[in-house]
Amino acid sequence: MNQPYNRRKFIQLTGAAGIGLALPLTAKPAPIRDVPPGRRVGIIGLDTSHSPAFTKLLNAPDAASDLGGYRVVAAYPKGSPDIESSVSRVPGYTEEVKKLGVAIVSSIADLLTKVDVVLLETNDGRPHLEQALPVLKAGKRLFIDKPIAGTLSDAIAIVEAARRYNVPVFSSSSLRYMTSAQEAAQGKGVGKVLGAEAYSPAHLEKTHPDLFWYGIHGVEMLFTVMGTGCRQVVRVHSDKTDVVVGTWADGRVGTFRGMRGGKSDYGGTVYGETGNVKIGPYDGYRPLLVQIIRFFETGTPPVSPEETLEIYAFMEAADESKRRDGVPVTLESVMAKARTVAKAR
C-alpha cells in the first residue's frame, strides 16, 4: 500500500521548492486583451505539459469560438513537492506561460482573487485534495486533471467537498474524447456495446497506486465505451505488462492492457451487436479542452462524479488483486474501505 500523503511535509517541501526555483513572481506579463466577465481562467500547477498546451489554445489571438473567450490570466506554479520529473519542469513551463500573458502568483489564495474558474493541473495527485479545497470553498468551478487524486479516499473526499460547497467538479483524461471512442460509445459501427479492450502505456510512479499515474488513460478509454456498472476485476501483473479484466453487472467483460515496453501507443477494440471497431488514434488535448469550457459555461460535468469514482475504484481494485496474487476483487469492497478512510479525516 502507498503511505498516506503527509500534508505538513507537502507544505514544507513546496515552500523550500519555491525558494530553490527563485521564480520571478512579480515579473510583468505580456499584455493580453480584455477578458470577458466570468472567463478568467487560473491554473494550479505548472509541472505538466497540459498547462502550457491549454494556455496556448485559450490565449491564442485567433482562439476558436468554441473556447468561449476564456483566457488563462494567472497561474500558481508549484505542483509536486518531490517527483523529480515534475519538479524539474516547473521553471520551463513557467516561462512558457508567462510569454502567453499569464501572471505568476505566489499562492492559491492570491490566484483565487484574480480568476473565475480553475484548472488544477498539478501532475502529482497527492496534493490535489489540499489544492482543491480552497477553490471549492471560494465557489469556483474546478477541472481536475488526471489523476483526480493520489488515493481513492482522497478522490472521495474531493467529491464530497464539492457536494458540501455546492460547486461542480469535472475530471477526465483527454483520451476519453478521442473521436473514435466517442462514436463507439454512441453505438456508431457497433450497435450495442458487448465488450471492449483498451490499451495504453502504464508507467509506474512509486508514490501513486499503480494505474493512477499513467494507466488511467487506457482505463478511461475503457469506461468511455463500456459505461459504468463494473462489479469486479482480476489483474495479471508482470514487469512489462498489466492486464486487468473487469466484469460488468450485466455480464459484459472489459479489459485494460497497460504496457511498459515496446511502442508507446493508445487504442483498443470495441465489440458490438452489429460490428467491431478500433478506437484510436489519439486526437490531442483540444477535444478535452472544449468539454472543459462547456463545463465552465454550464456547471454540468460531462462525466459524473459517480463515474469518475468508479474508474478509480476499478484501478484500486486492480491494485488489491495484485496484492492478493490475482484473485477477483469487487469495486464495492475497495469503495467501502476508502469511504471509511475519507470519513475519518
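**Group meeting: strands, a hairpin and a covered helix**

Let me begin with two strands, S1 and S4, which run parallel and are joined by four bridges. If you would like one pair of residues to look for on the screen, take Val41, whose bridge partner in S4 is Val117. Please keep in mind throughout that what we have here is a predicted model.

Now let us step back from that one pairing to the sheet around it. S1 and S4 belong to an open sheet of six strands, in which the pairing is parallel and the order is S3-S2-S1-S4-S5-S6. At the edges of this sheet are strand S3, residues 103-104, and strand S6, residues 169-172, each of which pairs on one side only.

There is also a record to set beside this part of the chain. An unreviewed UniProt entry carries the annotation "domain: Gfo/Idh/MocA-like oxidoreductase N-terminal" for residues 40-170. In the model, that span is 40% helix and 18% strand, and its end C-alpha atoms lie 18 Å apart.

Next, a helix. Is helix H2, residues 50-59, mostly covered or mostly open? It is mostly covered, since eight of the 10 residues of H2 are buried, and among those buried residues are His50, Pro52, Phe54 and Leu58. The elements that cover the buried residues of H2 include strands S1, S2, S4 and S5, together with helix H4, residues 90-98, and helix H11, residues 286-298.

Let me move further along the chain, to strand S8, residues 230-237, which pairs with strand S9, residues 241-248, in the antiparallel sense over seven bridges. The connection from S8 to S9 is a hairpin that passes through three residues. S8 also pairs with strand S13, residues 329-330, again in the antiparallel sense, here over two bridges. A good residue to follow is Val233, which stands opposite Gly246 in S9 and also opposite Val329 in S13.

Finally, a word on confidence, which I would ask you to consider before reading any detail. The protein averages a pLDDT of 92, and 90% of the residues score at least 70. Where does pLDDT stay under 50? That is the case over residues 1-30, for which the model nevertheless has 46 contacts beyond four places in sequence. Where pLDDT is low, the predicted coordinates should not be read in detail, and I would therefore treat the contacts drawn in such a stretch with caution.

Note on methods. Residues numbered from 1 in each chain as written. Predicted model: local features only at pLDDT ≥ 70, side-chain atom pairs only at ≥ 80, totals over all residues. Heavy atoms only, no water. UniProt positions renumbered as here; feature names shortened; annotations may be inferred. Pairing = 2+ DSSP bridges. pLDDT = per-residue confidence, 0-100. Contact = heavy atoms within 4.5 Å. Buried < 20%, exposed > 50% of the residue type's maximum accessible area, 1.4 Å probe, protein only.
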